[in-house]
Structures are given as C-alpha cells and as structure tokens.
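Here are some exercises to work through with the model open beside you. Try each task before you read its solution.

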Amino acid sequence: MDHTLFPPSDHDHSRCENNLMAFAEHYCEGRGLRFTRLRQDVLRAVASSHKAIGAYQILDAFAEQGKKLAPISVYRSLDFLQEAGLIHRLESTNSFFACQRNFEDGKSCCSDEPLVFLICNECGTIGEMDGKPVAKTIRSFAEESGFAAEQSQIEISGLCRQCQAN
Ligand SMILES: [Zn+2]
Ligand SMILES: [Zn+2]
Ligand SMILES: [Zn+2]
C-alpha cells in the first residue's frame, strides 16, 4: 500500500497533469464518452494543482484567458468528470480536485469506490486514500444500530507533513 498520499512540493506537476489528461482521453475513448474541448479544459483547470477549486474559480480562470462561459456548462462538465471518477468533489466546500490514484496504470478509476480525503488546512493539498476498510467498519456499526448508511466519502482536515515542518 502506498503511504505517500501527498506529492512532495518539489515534484514535477506537469507529469501529474499529463498523466491525468492522457488517462482521461483513453478512459473516455474506451467507453464511447465524448471528451469534448470544454471537458478537457475544465479537467485541466481542476488538475492544475493538488488543491480543490470551485466552479466559479474555474470560470474566472477561463475569463482571464478571454473565454466567457455560462456557469451551467462548467457545472455540466464537472458533473461528467466527477461521474467518470476523474475528479472528486469535496462536500464540505463544494469544490473539486483531480483524482490522484490509478491513472498511472491506465486501467482503473475510482468512480464508485469509498474514499477518504485528507485535506491540509494550511496549503490546501489533498491526499486521497482507499476508503474501503473504513467504510466497512462504519457500515457494520451502522447496521448494528439499524442505520442504513449511504454516503461513503469521508473528509478529514489537518496538516500535511510538509506544513507541519514549516
Ligand atoms: Zn502533481
Ligand atoms: Zn480518485
Ligand atoms: Zn500542507
């Protein structure tokens, strides 16, 4: 299991971006999904860092490049990308960040998996981890008390190793 959930601050982020873009193209092609220009642009905007970004920040970034877009079209693209498991939404802040898992192997995507997100309060970087063991524990406790659990996304805030050292 990979315990380096957070990318080092000096890593080559263009690699992360390019891997994700290549994976997204491959993923959409394999499923007959249209990876339109807008969807590509929105994914690139979300993938520009390991932090979460809101729909209006994306619209602002587009506006700076001279692209005026209706919020609804950005929301639709975000929905598409989220459903495909290429990006994830933080419920606590209604913002989006690029999936960091799996796209190096080019095979899988985490669209239906339970996930745990570790969010750094200081730098905003998000680490993503497999939520299956945690979800299983929660489900069995919930079942014992007769509660039918539905949501399986967990968000934990704190400080990443880098920010603790600063
Ligand atoms: Zn990166
Ligand atoms: Zn993911
Ligand atoms: Zn941090």
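**Exercise 1. Find the element that holds A61, and decide whether A61 is buried, exposed or partly exposed.**

Solution. Start with the location: in this predicted model, A61 sits in helix α3. Next, count the neighbours: 16 other C-beta atoms lie within 10 Å of A61. A residue needs 20 or more to be buried and 12 or fewer to be exposed, so A61 is partly exposed with its 16. As a last step, look across to V42, which is 19 residues from A61 in sequence. Their C-alpha atoms are 10.0 Å apart.

**Exercise 2. Describe how α3 and α4 pack: at what angle, how far apart are the axes, and which residues meet?**

Solution. Begin with the geometry. The two helices, α3 and α4, pack at an angle of about 120 degrees, and their axes are 10 Å apart. Then take the handedness: the crossing of α3 and α4 is right-handed. Now list the residues on each side. From α3 come A55, I58 and L59, and they meet P71, V74, Y75 and L78 of α4. Finally, sort the residues of this contact by type: seven are nonpolar, none is polar and none is charged.

**Exercise 3. Place F80 and F23 in their helices, and decide for each whether the residue is buried or exposed.**

Solution. Take F80 first. F80 belongs to helix α4, and it has 20 C-beta neighbours inside 10 Å. The cut-off for buried is 20 or more, so F80 counts as buried. Between F80 and R44 there are 14 Å from C-alpha to C-alpha, with their positions 36 residues apart in sequence.

Now F23. This residue is in helix α1, and F23 is buried because 20 other C-beta atoms lie within 10 Å. The C-alpha atoms of F23 and L69 are separated by 26 Å, and the two residues are 46 apart along the chain.

**Exercise 4. Locate A47, judge whether A47 is buried or exposed, and name its contacts beyond four places in sequence.**

Solution. First the location: A47 lies in the loop between α2 and α3. Second, the neighbour count: with 25 other C-beta atoms within 10 Å, A47 is buried. Third, the contacts: leaving aside neighbours within four places in sequence, A47 touches E17, L20 and A98. One more distance is worth checking: I87 is 40 residues from A47 in sequence, and 8.4 Å from it, C-alpha to C-alpha.

**Exercise 5. Which residues of the largest nonpolar core touch the most other members, and which elements supply this core?**

Solution. The largest nonpolar core has 29 residues, and L43, V46 and I87 touch the most other members. At least two residues of this core come from each of α1 (13-30), α2 (37-46), α3 (55-64), α4 (71-83), β2 (95-98) and β3 (115-120). At the level of domains, domain 1 (11-106) and domain 2 (113-166) each give the core at least three residues. To follow one member, look at V46: not counting residues up to four places away in sequence, V46 touches I53, I87, F96, F97 and A98.

**Exercise 6. How many residues of domain 1 and domain 2 are in contact, and how far apart are the domain centres?**

Solution. Begin with the division of the chain into domain 1 (11-106) and domain 2 (113-166). Taken over C-alpha atoms, the centres of domain 1 and domain 2 are 22 Å apart. Then count the contact: 11 residues of domain 1 touch nine residues of domain 2. On the domain 1 side, these residues divide into four nonpolar, four polar and three charged.

**Exercise 7. What is notable about the phi of N94, and where is N94 found?**

Solution. Recall the background: most residues other than glycine have a negative phi. Phi of N94, however, is near 45 degrees, a positive value. N94 is found in the loop between β1 (87-90) and β2. Its 10 C-beta neighbours inside 10 Å are why N94 counts as exposed.

Conventions. Residues numbered from 1 in each chain as written. Chains lettered and ligands numbered in written order. Predicted model: local features only at pLDDT ≥ 70, side-chain atom pairs only at ≥ 80, totals over all residues. Core = buried A, V, L, I, M, F, W, Y, C linked by C-beta atoms within 7 Å. Domains from an automatic or database assignment. Contact = placed C-beta atoms within 7 Å. Nonpolar A, V, L, I, M, F, W, Y, C, P; charged D, E, K, R; others polar. Axes fitted to C-alpha atoms, helices over the stretch in contact; angles between N-to-C directions. Left-handed = near helix turned anticlockwise from the far one by under 90°.
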